[in-house]
Structures are given as C-alpha cells and as structure tokens.
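Reader: I've got this one open and I'd like a close look at a single part rather than a quick tour. Could you settle on one helix, go through what sits around it, and then work outward from there?

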Amino acid sequence: MEMEQNKTLVVIVLNYNDSQNTIRYVSTIKKYKCIDKIIVVDNNSPDQSIEKLKSLADKKVDVIKTEQNKGYAYGNNFAIKYATEKYGNFEYVAISNPDVDVPEKSYEECLKCLRSDNSIAIAAPRMFDLNDKPHPLSGWKLRTIKGDTIDSSMFLTKLYHQSHIEKYDEEYLNQKEAIVDCVAGSFFLIRHEVFKKVGYFDEKTFLYFEEDILGNKIHKLGYKNVVLNNCKFNHFESVSVDKSMNYRKKFKNLQKSKRYYHKTYNDESNRWYQRWKILILDIVTLLVKISDRIKLRRILIKLDRLLVLGIKFLVLIIQILLFPITFLTKQLRRKKRVLYFSLVSWKWIKQRPHFVALELAKDKNYKVDYCYLGIYDRYTSHTNNDVVENKIDSDIKLKIKPLKIVPCDTIPKMTFSYVWTLIRTSFWNYDKIIITQPNQIDCFFMKVQKLKKVQFYYEAMDNYEAWENNVPKYLESQGKLINCSSHLIVSSESLKKKMIKKYNLDE
C-alpha cells in the first residue's frame with residue numbers, strides 16, 4: 001500500500017463542471033509537503049471535465065470519476081472510500097471545493113490543531129470572501145426550524161431585520177480558536193476516525209446542509225469543531241453550483257435539504273410541536289414557489305414605484321396650493337430657517353459639518369436644522385448609538401434630526417422614513433438649504449423650492465463619485481445640484497479643478 005509509511009493527510013477535491021478552478025487549485029496544493037495524497041473526483045460532469053483533469057494525475061494525485069452525479073455528499077464519500085480501499089487508513093481528511101485558495105500554512109495550522117487535542121474533530125481556517133474580507137459564516141450554531149423558515153423568504157428576512165439567526169457574533173469568531181457547531185463545507189480538515197464513526201456525509205441530501213448534518217452528528221458524539229483565526233482561506237462562492245443550477249433548482253434543493261435535516265436530526269423534545277413547525281416551513285416554501293412562478297416580486301416592485309410616484313405627486317400638488325401661505329410666512333418671520341443636510345451623524349466625531357451648523361446656529365438671524373442619515377448612513381460605520389455626545393448650549397437654536405436619503409443606484413421605496421423626509425423637506429419652509437451629497441436632491445422638488453426663493457448651497461466635502469455604483473446617474477444628479485445652487489463650496493484645490501473641468505464652471 002502506497003501510504004503505509006506516511007499515512008497522514010488525504011485531500012478530497014470534488015469537481016463538477018469547474019475543471020479550470022480544479023486544475024488551478026490542485027496544481028498549487030500538490031506542492032505542499034504536509035499533503036500525502038490528493039484525490040480529484042469528477043462528479044460525472046456533462047462538460048467532459050474528466051478529459052482535462054487527467055493532466056493532473058501523477059504519483060501524488062489520483063483522478064477518478066463517479067458513474068452518476070448523486071450530489072455533494074455522494075461525490076465526497078465516493079472519493080474517501082476509494083482512498084481507503086487503495087491506500088489503507090490515514091489520520092486526517094481535507095474536504096475542499098475547487099473554488100478556493102488555501103495557503104500551505106492553513107493546512108499546517110489545521111493539522112497542528114487536530115494533533116494538539118484529540119477532542120477536536122474538525123479544524124478549519126477562517127473563511128474570507130473574494131474581496132478578502134472575513135466571511136460571517138465561517139462557522140455557525142446548529143440550525144433551528146425558525147431560522148430556516150425565516151431564511152426561506154426575503155419578506156420574512158426583512159420583517160425580522162436579520163438573516164442567518166444562527167450565525168455567531170463577529171467578536172466570537174475573532175477568537176484565536178472559536179469553537180463552533182458547524183463549519184463551512186468549502187474547506188476543512190476532519191479526523192478520519194471521527195468521520196468514519198458518523199458514517200461520513202449523509203447521502204440522502206443532494207446539495208446543501210451537509211455541514212449541518214455533519215456538525216450535528218459530531219456534536220452528539222461530544223467532539224468539538226474549531227475555526228482558527230491564525231490562518232485563512234479565500235472562497236470564491238459557489239462557482240460550480242452557479243454554473244449548473246438556476247435559482248429555482250437551487251431553492252428546491254435547499255428547501256428539500258432543510259426539511260430532511262429538521263425531520264431527521266433536529267431532536268426537539270416535543271415532536272408534535274416540531275411537526276407543526278415543519279408544516280409552517282413547507283407552507284412558506286410553497287408560497288415562495290408560487291410567488292416566483294407568478295413573478296410576484298416584480299409586481300410588488302412596480303406597485304411600490306407607483307406608490308412612491310403617487311406620494312411625490314400629492315406632496316407636489318399640496319406645495320403648489322400652499323405656495324402663497326408659505327411665501328407670506330417667509331416675509332413675516334424674523335429668523336431665517338436653514339437646513340443643513342449632512343452625511344455625518346451628529347453623534348459621530350466632530351467634523352466640518354458639526355462646526356458649520358453650530359456657527360450658523362450661533363448667529364441670532366438663523367434657526368438651523370441639522371439633518372443626517374442616522375442608521376441609514378451608507379458611507380460610514382457609525383450609527384445613532386455611538387458614544388459621542390456633541391452637546392448643544394441651550395441658547396443655540398439647533399435641532400438635530402435623523403433623516404434618510406436614497407442613493408442614486410437605489411430605487412426609492414415606500415417607507416415611512418422616505419415619506420417623512422420628503423414631507424419635512426417640502427413643508428418646513430426653509431430659506432437656505434445646504435446639501436452635502438448629490439443623492440440628497442431626490443428629497444427635494446428643486447424647481448418648486450427655487451420658486452419659493454430658497455437658496456441652495458452645495459458643500460462638496462469629498463469625491464463621493466468613487467463610491468457610487470451608478471456613476472453616470474450620480475454625475476447627472478451632481479450637475480442638477482450645481483445648476484440649482486447659488487454657491488459651490490469645495491474642500492480642496494484638486495476637487496475645485498475637477499468640478500470646474502467636468503461642468504465647465506466659472507471659477
């Protein structure tokens with residue numbers, strides 16, 4: 001037997017219609033000294049991947065093929081059984097997707113972890129995404145029917161304001177060794193002895209929930225699964241699945257696996273209550289399928305747009321009708337009303353917008369409203385719960401209000417926040433409005449405001465264009481804002497030159 005003298009680690013790489021990634025990945029890891037054998041198994045790919053994969057075969061790499069595609073669990077089990085029969089027993093198995101990038105150090109650290117503690121069944125590096133950011137689902141808790149029912153529907157996810165309720169907090173995953181119930185199936189090392197005890201992967205699932213079933217079995221045996229933070233791997237997210245399945249087929253497989261998992265492995269004490277919860281999961285699955293068939297989402301989006309247009313039209317008509325009253329009110333009042341529409345939360349570290357608003361409010365001729373994005377802030381990570389207080393003296397007339405803007409690459413939605421912002425900017429009868437980001441003009445009827453003798457000021461503090469997905473539309477909004485503004489204030493010489501050149505401005 002070939003591995004009799006050094007039978008430590010076998011890597012299983014399952015390929016389906018993704019020979020390019022498989023060849024790239026295996027060509028890299030075959031150089032790693034800690035790996036004894038690599039088994040590349042083609043899961044009966046219809047694109048004839050096997051012919052291309054044969055080029056990988058050598059003393060360290062075996063290339064095999066299943067007779068038919070019976071899913072992820074079957075394909076990996078087929079390769080493990082092949083390796084055991086041909087090379088005898090070995091200590092550890094690495095299960096790996098081909099659409100990953102795993103440094104040699106990550107293999108070594110996982111092996112080191114497994115050797116250090118016999119109670120650890122699985123060791124996995126921290127998973128990072130395509131953009132090299134930590135993935136929130138490197139590991140998660142055992143699934144609940146409630147969580148899987150919520151995740152089955154976009155409507156329920158939005159209603160609960162959370163998806164994947166079983167995921168760990170980022171702080172928990174940031175530990176050097178985070179003990180988790182389940183690890184991501186894209187890459188992990190498992191103790192072969194434990195893998196055999198649990199009967200390898202459950203082949204009754206075609207795709208999805210293999211990690212959950214495995215984690216559940218290991219948990220019942222009293223072993224631990226660990227995510228390591230001193231090493232990493234990058235996952236390029238479901239390349240093989242996306243190539244071979246459309247959304248409907250993926251959803252069908254996902255829901256089927258969910259149901260099987262909860263019916264077979266979810267040991268709730270009250271079985272009657274569990275059956276009712278599974279029934280609710282079935283009903284949600286059916287409703288999602290029906291809504292997809294009749295294209296309900298498109299209908300709701302169109303209805304939402306019509307409601308937004310209707311509200312905007314109603315606000316516009318009321319503004320026009322109230323025009324004489326608002327114009328007369330402006331002439332009679334002593335103080336001018338100023339709106340400073342900021343991107344920066346009032347509760348964040350004091351910056352230019354805070355100072356400008358405060359200085360204006362100190363002037364006895366002005367009454368100032370400082371409106372900011374609050375929890376809707378797109379450009380910074382701060383929220384309304386930040387600790388910075390930024391107190392205001394009692395004699396200063398400055399009101400602080402969190403409002404919402406809609407980014408130019410996002411269609412306005414019928415939400416209370418959007419409608420309230422539209423009403424506030426339309427009927428609070430401001431004399432001067434300072435805008436700090438072009439997307440904010442969606443909250444104003446600019447021409448009506450100009451008729452009401454409102455002065456607009458555009459305070460351009462940064463080159464926000466670089467952060468927009470829809471740059472042409474953003475530049476169009478910025479052009480409209482510049483045309484409507486009496487003053488354009490910029491934060492740097494380079495931004496000044498850019499504005500002058502792009503919009504043919506008079507200095």
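Author: Here's a walk that starts at one helix, moves to its surroundings and ends with a few other spots.

A word on the ground rules: this is a predicted model, so local features need pLDDT of at least 70 and side-chain atom pairs count only at pLDDT 80 or more, while totals for chains, interfaces and linings use all residues. Numbering runs from 1 along each chain as its sequence is written, and side-chain values use heavy atoms, with hydrogens and water left out.

For the setting, the protein comes to 19 helices and 17 strands (DSSP runs numbered from the N terminus: H or I of at least four residues for helices, E of at least two for strands). Of its 507 residues, 49% are buried (under 20% relative accessible area; exposed is over 50% and partly exposed is in between, with a 1.4 Å probe and protein chains only). Take the contacts (heavy atoms within 4.5 Å) between residues at least 6 apart in sequence: 76% of them join residues at least 24 apart.

The helix to settle on is α3, residues 72–87. Its 16 residues should span 22 Å at 1.5 Å a residue, and the end C-alpha atoms are 23 Å apart, which agrees (the expected span being 1.5 Å times one less than the number of residues). The buried residues of α3 are Tyr72, Ala73, Tyr74, Gly75, Asn76, Asn77, Ala79, Ile80, Ala83 and Tyr87. Among the elements covering them are strands β1, β2 (37–42), β3 (61–65) and β4 (92–96), along with helices α8 (192–197) and α9 (210–221). Right after α3 comes glycine 88, with a positive phi near 85 degrees.

Two of those covering pieces, α8 and α9, are joined by a loop that holds phenylalanine 209. Its phi is positive too, about 70 degrees, although this residue is not a glycine. Most residues other than glycine have a negative phi. Phenylalanine 209 is also buried, at 4% relative accessible area. For a contrast, go to the segment after α19, where you'll find asparagine 504: its phi is positive as well, near 50 degrees, but this residue counts as exposed, at 70% relative accessibility.

Back to the cover of α3, and to strand β1, residues 9–15, where asparagine 15 sits. Asparagine 15 is buried, at 0% relative accessibility. Its side chain reaches the backbone nitrogen of aspartate 18 at 3.3 Å, and that of serine 19 at 3.3 Å. Those are polar contacts (N or O pairs within 3.5 Å; within protein, one atom must be able to donate a hydrogen and the other to accept it, and residues adjacent in sequence count only if both atoms are side-chain atoms). Skipping neighbours within four places in sequence, asparagine 15 is in contact with Thr22, Val41, Asp42, Asn43, Ser45, Ser49 and Leu53.

Another buried asparagine is 429, at 8% relative accessibility, in the loop between α16 (416–427) and β15 (432–435). A polar atom of its side chain lies 3.1 Å from the backbone oxygen of threonine 326. Leaving out residues up to four places away in sequence, asparagine 429 touches Thr326, Thr329, Lys330, Arg333, Arg337 and Lys452.

Now for two helix pairs. Helices α11 (247–264) and α12 (271–293) have axes that come within 10 Å and cross at roughly 175 degrees, and are therefore roughly antiparallel (over 145 degrees; under 35 is roughly parallel, 65 to 115 roughly perpendicular and the rest oblique). By class, their contact has five nonpolar, four polar and nine charged residues (nonpolar is Ala, Val, Leu, Ile, Met, Phe, Trp, Tyr, Cys and Pro; charged is Asp, Glu, Lys and Arg; the others, Gly among them, are polar). Helices α18 (471–484) and α19 (493–503) pack at about 95 degrees with axes 12 Å apart (axes are lines fitted to C-alpha atoms, for helices over the stretch in contact, and angles run from 0 to 180 degrees between N-to-C directions). So α18 and α19 are roughly perpendicular. Leu475, Gln478, Gly479 and Ile482 of α18 meet Met499, Lys502 and Tyr503 of α19.
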